[in-house]
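Here is a short, friendly briefing to read alongside the structure. Please keep the viewer open as you go through the topics.

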Amino acid sequence: MVRQIKQKPMNWIERLYIFEAFRGLWTTLKHALRGLLRYETLPTVPYPEIKPEISRTYRAKHRLMLRPDGTPRCVACGMCATACPAHCIFLEAAPAEDGRIEKRVLRFDIDHLVCVFCGLCVEACPVDALRMDTCDTSYVFRKREDFVTPMYQLMSWDPKDYPQDDLQSQMAPGGTKNKQALDAWGLKVN
Amino acid sequence: MPKLPTANSPKVAIFVDDKEVLVPGDTNLLEALKTVGIETPHICYHPYLPVSGNCRQCLVEQEGPRGRMLIIACFTPVTPGMKIYTPASSARVKNARQATSEFMLVNHPLDCPICDKAGECSLQENYMESAHQSRLRPEVGKQYHGNPDHTFVDSKGQVRGGKRVALGPRVTLDEERCVQCDRCVRFMRHVAKDEQLQLASRGDHTYITTFPGEKLDHEYDLCVTDICPVGALTANHFRFQQRTWLLSRTPSISMDDSLGANIWIDHNNGKIWRIMPRCNPEVNRSWLSNTSRLAYMGFTENRLASGDLNIVSDLLKHAKKVALVAGGACTLEDLAALKMLKDYLGDRASLFGGTLRPVLEADGISKSGDPLANRAGFKALGIPDNNLNDLMKHAADYDVLLTVHNDLFGDDEGAMILKKIPNRVILSAFNDETSKDATLVCGVNHWSEVTGSMINSLNILQKLSPAPTCPDAQLKPAYEVLSTLAGNPLTSAIAALQKVQEFVPALKPYSYENIRSTGVKLDGVLL
């Protein structure tokens with residue numbers, strides 16, 4: 001459907017343009033003065049000094065979830081690598097030493113230069129081992145190779161940075177529910 | 001073994017879903033329905049194993065004197081005029097199949113993410129094809145979470161078997177995943193003829209096992225991992241290596257035996273991950289020996305780099321007497337190029353061929369026992385296939401020895417007498433014993449990396465396809481190197497095949513396009 005918008009016809013003062021130009025400059029000047037004098041009321045964020053607030057649901061850098069004993073939850077099934085449209089996940093599997101677990105991940109690299117942050121890997125993961133809720137959006141490296149994030153970096157996150165109601169994060173080592181989870185882990189086996 | 005339909009099967013009319021169709025009359029219903037494009041899901045049935053009929057997955061309905069009855073398609077012979085109903089028309093068949101499938105899945109762990117069979121599993125296929133819905137709640141059956149809940153307790157509260165039972169040096173059994181189809185038992189009993197596996201216990205407690213104190217250890221034991229319809233039997237060499245759907249498959253021929261077993265080379269990222277048998281009813285059916293199957297591990301190791309051909313051709317130019325020796329893995333193309341070289345050198349060169357490895361008995365499964373894979377091809381091209389002893393007797397007469405794909409010194413110590421020949425030029429893929437003792441080596445492509453053709457011991461012309469797994473892009477196929485030495489480079493396999501056809505006019509009708517994947521039987525043609 002086409003909608004015609006009628007513009008208000010300009011009067012003769014406006015049609016002179018000279019006064020309108022000064023009116024526009026006044027707006028600019030107003031904001032410049034506000035930036036100088038009342039900095040905190042500006043709607044923009046002065047980026048590197050102050051980081052914007054990012055929602056937990058934003059698809060940021062990945063992290064690998066941990067079992068209570070600190071090993072990655074990943075079972076190396078390769079669903080993420082299969083779902084990945086950019087083919088940026090590289091993983092290798094090995095038999096687990098822990099008798100309770102069948103398969104463990106040996107290498108898990110994500111090339112963040114290739115990644116398109118679609119989140120399909122997170123959805124594909126059958127064991128909730130991969131999440132994109134780190135709120136980390138800055139990628140600054142000097143070399144291309146550094147953008148390939150290896151497993152130990154994906155695993156090095158602190159449960160303190162995650163909310164208390166995120167049980168799975170809190171069950172990881174260092175989390176508030178870790179002790180409990182470890183007990184349950186030990187008990188259930190025997 | 002079930003009788004499979006052939007081209008000569010008598011055609012009989014049966015009614016499928018009230019429509020009259022012509023099917024082969026000397027086979028079972030499952031195969032007959034397959035010929036008219038109706039796939040029947042099955043777990044325990046395998047075309048090259050005796051019918052056991054225990055999975056009840058292939059149910060169809062048959063009109064009988066007492067009304068319509070559910071029967072299993074795999075064990076029902078085709079009779080003229082029989083009335084069959086498939087899920088296309090019968091809700092009862094559909095429900096019955098779904099229920100069977102559900103019954104099988106109720107005690108089957110939900111291991112698919114970590115199961116090596118996922119992607120080629122019969123249970124998955126049947127579920128996706130016929131059922132695709134389940135009345136089971138997700139908590140029934142094991143949900144794999146990679147945590148202590150891992151020990152699978154079934155809906156009756158029983159712990160179901162071990163997760164990794166080492167059945168033998170090459171095969172691992174997962175008792176939880178086993179559906180007791182007894183394909184592996186039948187394979188060992190009727191094909192391998194060495195009954196090493198058994199079903200023990202009864203009913204719900206049935207499990208696969210070996211005899212007490214014994215291990216599953218047989219030349220064909222890895223075939224049980226192929227025929228296992230679920231991920232219960234897995235091969236140790238492929239365990240957790242790759243997900244099956246990430247592999248690309250190249251159809252080729254195993255060039256370590258003159259039966260020329262048909263194989264799939266499964267590879268990705270330039271690496272071969274496994275070799276699987278490729279079904280060819282006339283050659284190796286669905287079987288492959290461990291030797292051929294595990295050979296891939298050495299394909300990229302210990303390889304030679306490509307050599308400088310100018311030195312070789314200079315050497316050949318000034319040679320007085322040249323011995324050209326062809327070996328086992330030579331394709332027809334390589335042999336034709338060798339013949340070109342012989343023609344180029346004229347009287348100064350003489351052709352030799354054969355192998356110093358012992359020729360064994362055929363085992364009747366996938367090996368003829370003859371390590372000279374292309375022996376029939378040698379005969380077709382008129383290259384001697386068994387005169388290495390002549391060469392060793394008259395070694396002193398020659399001043400240049402050129403071998404192609406023939407590890408003389410590694411195969412037999414007696415060949416060391418050939419060291420009398422001052423110049424030894426070795427065209428080989430590997431840095432083997434012969435190459436180590438050579439004066440000049442020239443690396444060439446391995447047979448898994450070339451397009452080519454071979455004639456097997458049953459006179460079947462088969463073609464090899466190249467897997468993109470060559471470790472060195474500089475390497476060239478042996479036919480290209482040989483023809484370059486002969487002054488007329490054949491830069492493509494097609495050109496080389498044309499050369500073969502020049503030498504053997506009877507092969508004229510064949511090209512890489514019209515040699516079928518299962519080969520062409522050269523009956524009554526030449527040779």
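Let's begin in chain B, where B:Leu461 has B:Val520 of E21(B) as its bridge partner. Please bear in mind that this is a predicted model. The points below start from that strand pairing, move on to another sheet and the domains of chain B, and then turn to side-chain contacts and chain A.

**Around strand E20 of chain B**

- The contact just mentioned belongs to an antiparallel pairing, in which two bridges join E20(B) to strand E21 (residues 520-521) of chain B.
- E20(B) is also joined to strand E19 (residues 452-455) of chain B, by four bridges and again in antiparallel fashion.
- Within that second pairing, B:Lys463 of E20(B) has B:Ser453 opposite.
- E19(B) and E20(B) make a hairpin with four residues between the strands. In its turn, B:Asn459 shows a positive phi of about 65°.
- How many of the five residues of strand E20 (residues 460-464) of chain B are buried? Four of them are, so the strand is largely enclosed by the rest of the structure.

**An open sheet in chain B**

- Three strands of chain B make up an open sheet, ordered E11-E12-E13 and with antiparallel pairing.
- Strands E11 (248-253) and E13 (271-277) of chain B are the edges; each has a single partner strand, so one side of each is left without a neighbour in the sheet.
- On average, and ignoring direction, neighbouring strands here are turned by 30° against each other.
- E11(B) and strand E12 (residues 262-268) of chain B run antiparallel and are joined by six bridges.
- One place to look is B:Arg249, whose bridge partner in E12(B) is B:Asp266.
- As you look at such strands, recall that side chains in a regular strand alternate between the two faces of the sheet.

**Domains of chain B**

- The domain assignment divides chain B into domain 1 (11-105), domain 2 (110-122 + 134-144 + 157-246) and domain 3 (309-521).
- Between the C-alpha centres of domain 1 and domain 3 of chain B, the separation is 50 Å.

**Charges over rings in chain B**

- B:Lys83 places its charged end over the ring of B:Phe15, at 5.7 Å from the ring's centre.
- B:Arg278 lies over the face of B:Trp264, with 5.8 Å to the ring centre.

**Aromatic pairs**

- Over all chains, the structure holds six aromatic pairs.
- One of them joins A:Phe117 and A:Tyr139, whose ring centres are 5.6 Å apart and whose planes meet at 50°, so the pair is tilted.
- What does this pair tie together? A:Phe117 is in the loop between strand E3 (103-111) and helix H4 (120-124) of chain A, while A:Tyr139 is in the loop between strand E4 (130-131) and strand E5 (148-149) of chain A, so the pair links parts 22 residues apart in sequence.
- A:Tyr139 is partly exposed, at a relative accessible area of 22%.
- A:Phe141 and A:Phe147 have ring centres 4.9 Å apart and planes at 85°, so this pair is edge-to-face.
- The two partners sit in contrasting surroundings: A:Phe141 is partly exposed, with a relative accessible area of 35%, whereas A:Phe147 is buried, with 12%.

**Positive phi values in chain A**

- A:Asp128 is not a glycine, yet its phi is positive, at about 55°. You will find A:Asp128 in the loop between H4 and E4 of chain A, and its relative accessibility of 28% makes it partly exposed.
- A:Cys135, another residue other than glycine, has a positive phi near 60°. A:Cys135 belongs to the loop between E4 and E5 of chain A and counts as partly exposed, at 23% relative accessibility.

**Chain A as a whole**

- Chain A has seven helices and five strands, which follow the pattern α-α-β-α-β-β-α-β-β-α-α-α along the sequence.
- Is chain A compact or spread out? Its radius of gyration is 26 Å, well over the 16 Å that the globule rule gives for 190 residues, so chain A is more spread out than a compact globule.
- Taken along the principal axes, the C-alpha atoms of chain A fill a box of roughly 90 × 40 × 40 Å.
- Buried residues account for 33% of the 190 in chain A.

Methods
Residues are numbered from 1 along each chain as its sequence is written. Chains are lettered from A and ligands numbered from 1 in the order in which they are written. This is a predicted model: local features need pLDDT of at least 70, side-chain atom pairs count only at pLDDT 80 or more; totals for chains, interfaces and linings use all residues. Side-chain values use heavy atoms; hydrogens and water are left out. Two strands pair if DSSP finds at least two bridges between them. Axes are lines fitted to C-alpha atoms, for helices over the stretch in contact, and angles run from 0 to 180 degrees between N-to-C directions. Rings of Phe, Tyr and Trp (its six-membered ring) pair if their centres lie within 6.5 Å; planes under 30 degrees apart count as stacked, over 60 as edge-to-face and the rest as tilted. Buried means under 20% relative accessible area, exposed over 50%, partly exposed in between (1.4 Å probe, protein chains only). A charge sits over a ring if NZ of Lys or CZ of Arg is within 6 Å of the ring centre and within 35 degrees of the ring normal. Domain bounds come from an automatic or database domain assignment. The radius of gyration is taken over C-alpha atoms; the globule rule is 2.2 Å times the number of residues to the power 0.38.
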